[in-house]
Amino acid sequence: MKTIFVLNGPNLNLLGKRQPEIYGHETLDDVALLCRDAAGDGHRIRLLQSNWEGQIVDWIHEARDEACGIVINPAALTHSSIAILDALNAFDGPVIEVHISQVHRREAFRHHSYVSLRADGVIAGLGLEGYAAGVRRIVSLTRD
Ligand code: DQA
């Protein structure tokens with residue numbers, strides 16, 4: 001069975017509690033349920049979250065051997081991390097970038113994404129449904 005990594009950056013451990021007017025009331029556990037449902041029978045989900053940039057880089061390195069694709073919400077690191085971009089550039093499978101909020105309607109500093117230079121698809125503003133859409137896209141790109 002193939003594995004899809006669903007990686008989450010800083011502060012997303014507080015999903016459901018943090019700024020619910022922007023990010024909603026559902027939690028990362030709800031994200032995991034949505035992703036597992038979207039993955040179907042042929043793919044398993046490994047959902048991970050860290051507040052540390054280097055940990056996310058390490059997981060992307062692990063994905064080189066273990067994952068057929070990556071769904072990533074790098075959170076604030078989207079707008080700053082060349083290290084995450086470089087790690088994703090060393091990963092061969094499809095990468096879908098997800099943002100819960102519609103970042104282009106927010107502050108100007110959220111309009112630029114380093115990760116978008118690598119991402120095969122970018123989803124913003126669909127709430128948690130964006131993760132499920134990202135997983136479905138990876139399933140369709142990596143189905144045998
Ligand atoms: C976010 C948007 C980022 O700008 C922000 O720093 C986040 C979450 C989103 O999912 O909408 O932490 O990636």
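The following exchange covers the sheet, the ligand site and several single residues of a predicted model.

Colleague: What is the strand order of the open sheet?
Modeller: The sheet is open and has 5 strands. Their pairing is parallel. The order is 2-1-3-4-5.

Colleague: Which strands stand at the edges of the sheet?
Modeller: In the order 2-1-3-4-5, look for strands with a single partner strand. Each edge strand has a single partner, so one side of it is left without a neighbour in the sheet. The edges are strand 2 (43-49) and strand 5 (121-124).

Colleague: How many degrees does the twist average from one strand to the next?
Modeller: The sheet in question is the open one with parallel pairing. From one strand to the next, its twist averages 20°.

Colleague: How many bridges join strand 1 to strand 2?
Modeller: Strand 1 spans residues 2-8 and runs parallel to strand 2. Within strand 2, Leu48 stands opposite Leu7. The number of bridges joining the two strands is 7.

Colleague: Which residue is the bridge partner of Leu7 in strand 3?
Modeller: Strand 1 also pairs with strand 3, in the parallel sense, over 5 bridges. Leu7 faces Leu48 in strand 2. In strand 3, the partner of Leu7 is Ile72.

Colleague: And which residue in strand 4 stands opposite Ile72?
Modeller: Strand 3 runs parallel to strand 4 (residues 95-99), and 3 bridges join them. Across from Ile72 in strand 4 stands Glu97.

Colleague: Is strand 3 mostly covered or mostly open, and how many of its residues are buried?
Modeller: Strand 3 covers residues 69-73. Gly69, Val71 and Asn73 point one way, Ile70 and Ile72 the other, and all are buried. The strand is therefore mostly covered under the cut-off of under 20% relative accessible area. The buried count is 5 of 5.

Colleague: Which residues surround the ligand?
Modeller: By class, the shell holds 5 nonpolar, 4 polar and 2 charged residues. Asn73, from strand 3, is in it. The full set is Arg18, Tyr23, Asn73, Ala75, Ala76, His79, His99, Ile100, Ser101, Val103 and Arg110.

Colleague: Which residue places a polar side-chain atom 2.7 Å from an oxygen atom of the ligand?
Modeller: Asn73 has a side-chain N or O atom 2.8 Å from a ligand oxygen. Ile100 uses a backbone N or O atom, 2.8 Å from a ligand oxygen. The residue with a polar side-chain atom at 2.7 Å is His79.

Colleague: What percentage of the ligand's accessible area does the protein cover?
Modeller: Contacts to ligand oxygen include the side chain of Asn73 and the backbone of Ile100. On its own, the ligand has 320 Å² of accessible area. The protein covers 98%.

Colleague: Which side chain makes a polar contact with the side chain of Ser101?
Modeller: Ser101 is one of the residues around the ligand. Its place is in the loop between strand 4 and strand 5. Ser101 is buried, at 7% relative accessible area. Its side chain contacts, at 2.9 Å, that of Arg106.

Colleague: Is Ala75 buried or exposed?
Modeller: Ala75 belongs to the ligand shell and lies in the loop between strand 3 and helix 4 (82-89). Its phi is positive, near 55°, in a residue other than glycine. Its relative accessible area is 13%, so under the 20% cut-off Ala75 is buried.

Colleague: What is the phi of Asn11?
Modeller: Asn11 sits in the loop between strand 1 and helix 1. Asn11 is partly exposed, at 35% relative accessible area. Asn11 is not a glycine, yet its phi is positive, at about 75°.

Colleague: How far apart in space are Gln19 and Ile138?
Modeller: Gln19 lies in the loop between strand 1 and helix 1 (20-23). At 36% relative accessibility, Gln19 counts as partly exposed. Gln19 and Ile138 are 119 residues apart in sequence. From C-alpha to C-alpha, the distance is 29 Å.

Colleague: What distance separates the C-alpha atoms of Arg143 and Lys2?
Modeller: Arg143 lies in the segment after helix 5 (129-142). Arg143 is exposed, with 57% relative accessible area. Along the chain, Arg143 and Lys2 are 141 residues apart. Their C-alpha atoms are separated by 9.0 Å.

Definitions and conventions. Residues are numbered from 1 along each chain as its sequence is written. This is a predicted model: local features need pLDDT of at least 70, side-chain atom pairs count only at pLDDT 80 or more; totals for chains, interfaces and linings use all residues. Side-chain values use heavy atoms; hydrogens and water are left out. A residue is near a molecule or strand if one of its heavy atoms lies within 4 Å of it. A polar contact is a pair of N or O atoms within 3.5 Å; within protein, one must be able to donate a hydrogen and the other to accept it, and residues adjacent in sequence count only if both atoms are side-chain atoms. Accessible areas come from the Shrake-Rupley method with a 1.4 Å probe; for residues, only the protein chains shown count as cover. Ala, Val, Leu, Ile, Met, Phe, Trp, Tyr, Cys and Pro count as nonpolar, Asp, Glu, Lys and Arg as charged, and the others, Gly among them, as polar. Two strands pair if DSSP finds at least two bridges between them. Helices (H or I, at least four residues) and strands (E, at least two) are DSSP runs, numbered from the N terminus. Axes are lines fitted to C-alpha atoms, for helices over the stretch in contact, and angles run from 0 to 180 degrees between N-to-C directions. Buried means under 20% relative accessible area, exposed over 50%, partly exposed in between (1.4 Å probe, protein chains only).
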